Amino acid sequence: MLDIESVRETLSKHFDLAPSLEKAEATKDIYETTDRVVSSADWAIFAPYVIEINRLKKERNAVILAHNYMTPEIYHGVADFVGDSLQLAIKATEVENDVIVQCGVHFMAETSKILNPSKKVLIPDLKAGCSLAESITAEGVAEMRAKYPGAPVVSYVNTTAEVKAASDICCTSANALQIVEAMEGDTVIMTPDQFLAQNVAALSTKNIVWWAGSCIVHELYTAEDIRAYREFEPDTMVIAHPECTPSVVAEADFTGSTSGIVDWIHKNKPAKAMLVTECSMAANIADELPEVEFAKPCNMCPFMKKITLEKILWSLYNMEHEVVVDPEVAAKARLAVERMIDLSKSLVK
Ligand code: 13P
Ligand code: SF4
C-alpha cells in the first residue's frame, strides 16, 4: 500500500522538489502548451517533478502512456503518448522500451501487460480503479452466457483481465458499434456498461442485451442539466461520451470516445463547447484551441485523479507498482483484445 508520507520523505532525500522559478523557466517550452489552464505559480511547483520524471524516464528506459483524463501537467509535462483506450492499447503493442508507466487506471495497465507481456508495466497508484471494471466478474459473464446461449460476449476494455479472458472480443467507446455489428447472430451480449450498450443498441441492427454496470462519472450528467445549460448559453455545442445515459446522448451535438471528442473539437472549432465527460479533457486541449470557450461544468473521475506527478516520480524511482497478470488468463484475454484491434484496423482500411 502506498504510504504517501513515507513516499514524500524518501523523495525529498533524493530529489530537490521545492517549488522553483528557475526550473519553471527551464521548462517554459512545456509550460507554454498548458498556460491557459495552469497558473505560473502552479507550474513552479510542477516543474521540479517534470524535470526529474523526464530524466528518470531515460535512465530506466521507460515510456509513459497517458489517458486523455490525466491532469494537464501529466498530459503535457511527462507523457510520451496520450490517447483514448483504443489508442493506448494499440500503442502498448508497439512499445520497445523496457518499462511502461501507465498513467491511467488499472484496467489500462493490465491491457498493456496483456498485449506486451515481456515489458515491466507500472502503475503509480494501485487504487486507480474504475466503477465499470469493478461491476462485473468472470462469473457475471458466465451468467449472461447461460441466459443467452450462443450469443457472443463483447466486453468493454474497462474490465479486468479475467473478464476479458471470459469474453469473445473487447470493444472501446471508439469502436463499440462496429464490433457489435461484426458479430455473428442476432443477439449480442455487451458488458459491463449498460449505457454504452443502450447507446449502441439505438444505432445497431442487433438485439443487444447488457450487464447493468455504469460509470460513476458519466452517469451523473442528466438531460435536464444540459437543457438548462443550453437555455443559459444557447449557442454551446454539447459533446458527450457514450458512457452517458441515452437521454444525455440524445441532447448532444456529437458523441464519441475521448479522442473522438478531441478530433471533433479540432475539426469544428465551435465558439463554445460543453464536454460532457471528465474535467481534464477540456483542460488538456484548451491551449491548442484558444478560439474555443469551454463550459465549466464537469465531473471528475476520482480513480484517474489518483495519478499525480509525485506518484509517477515514485513509481519510476522505486519501480512500483508492477502490474502482473496470470499468464494463462493473459493469453485468453490477449485473444479478446487482439481480435478487437485487428477488427478495428480492418474496419478503417
Ligand atoms: P475512452 O476509451 O473514450 O478514452 O474512455 C475511457 C474511459 O474510461 C472513459 O470514462
Ligand atoms: Fe471508469 Fe468512469 Fe473513471 Fe472512466 S471515468 S475510468 S469509466 S470510473
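In the positions taken from UniProt, the numbering is the one used here, feature names are shortened, and an annotation may be inferred rather than shown by experiment. With that in mind, the reader can turn to the structure itself, which is a predicted model.

For the feature "binding site", an unreviewed UniProt entry lists H67, S85, Y156, V157, N158, S173, H241, P242, E243 and T258. From this set, the lining of the largest cavity takes in H67, S85, Y156, V157, N158, S173, H241, E243 and T258. One of these residues, V157, can be followed a little further along the chain, where V157 lies in the loop between β5, which covers residues 153–156, and α10, which covers residues 161–165. Because its relative accessibility is 2%, V157 counts as buried, since buried means under 20% relative accessible area.

UniProt, again in an unreviewed entry, also places the feature "binding site" at C130, C215 and C301. These three residues span 172 residues in sequence, yet no two of their C-alpha atoms are more than 9.2 Å apart, and they therefore gather at one spot. The lining of the largest cavity takes in C130, C215 and C301 as well. Of these, C130 is found in the loop between β4 (120–122) and α8, and with a relative accessibility of 12% C130 counts as buried.

What sits in the largest cavity? It is ligand 2 that sits there, and the residues surrounding ligand 2 are Y69, V105, C130, S131, L132, N158, C215, V217, E243, C301, F303 and M304. Sorted by class, this shell around ligand 2 has nine nonpolar residues, two polar residues and one charged residue. The names in the shell can be compared with the UniProt positions: C130, C215 and C301 belong to the surroundings of ligand 2, and UniProt gives these three cysteines the feature "binding site". In a similar way, N158 and E243 are among the residues around ligand 2, and both are included in the longer UniProt list.

The next topic is the aromatic rings. A pair of aromatic rings is described by the distance of the centres and the angle of the planes. A search of the whole structure finds six aromatic pairs. One of them joins W43 and F46, whose rings are 6.3 Å apart from centre to centre with 80° between the planes, an arrangement that is edge-to-face. Both residues lie in helix α4, which covers residues 40–59, and they are three residues apart, about one turn of the helix. Are W43 and F46 buried or exposed? Both of them are buried.

A further pair is made by F254 and W264, whose ring centres are 5.6 Å apart and whose planes stand at 15°, so this pair is stacked. F254 lies in strand β10 (residues 254–255), whereas W264 lies in helix α15 (residues 258–268), so the pair ties together parts that are 10 residues apart in sequence. F254 counts as partly exposed because its relative accessibility is 23%, while W264, at 16% relative accessibility, counts as buried. Elsewhere, ring pairs link F15, W314 and Y317 into a cluster.

The backbone also deserves a careful look. The peptide bond from T191 to P192 is cis, with omega near -15°, and P192 lies in the loop between β7 (187–191) and α12 (194–201). The peptide bond from E320 to H321 is also cis, with omega near -15°, and H321 lies in the loop between α17 (309–318) and α18 (327–348). M319 is placed in the loop between α17 and α18 too, and its phi is near 55°, a positive value in a residue other than glycine. With a relative accessibility of 23%, M319 counts as partly exposed. A positive phi, near 35°, is found at K269, which is likewise a residue other than glycine. K269 lies in the loop between α15 and β11 (272–276), and because its relative accessible area is 39%, K269 is partly exposed.

Finally, S135 is found in the loop between α8 (131–134) and α9 (138–147). At 25% relative accessibility, S135 counts as partly exposed. S135 and D168 are 33 residues apart in sequence, and in space they are 18 Å apart, taken from C-alpha to C-alpha.

How values were computed: Residues numbered from 1 in each chain as written. Chains lettered and ligands numbered in written order. Predicted model: local features only at pLDDT ≥ 70, side-chain atom pairs only at ≥ 80, totals over all residues. Heavy atoms only, no water. Near = heavy atom within 4 Å. 1 Å grid on protein atoms, 1.4 Å probe; cavity = no way out; pocket = protein on both sides within 12 Å on 5 of 7 lines; lining within 4 Å. Sits in = over half its atoms within 2 Å of the grid points. Nonpolar A, V, L, I, M, F, W, Y, C, P; charged D, E, K, R; others polar. Phe/Tyr/Trp six-rings, centres within 6.5 Å; stacked < 30°, edge-to-face > 60°. Helix = DSSP H or I, 4+ residues; strand = E, 2+ residues; numbered from the N terminus. Buried < 20%, exposed > 50% of the residue type's maximum accessible area, 1.4 Å probe, protein only.
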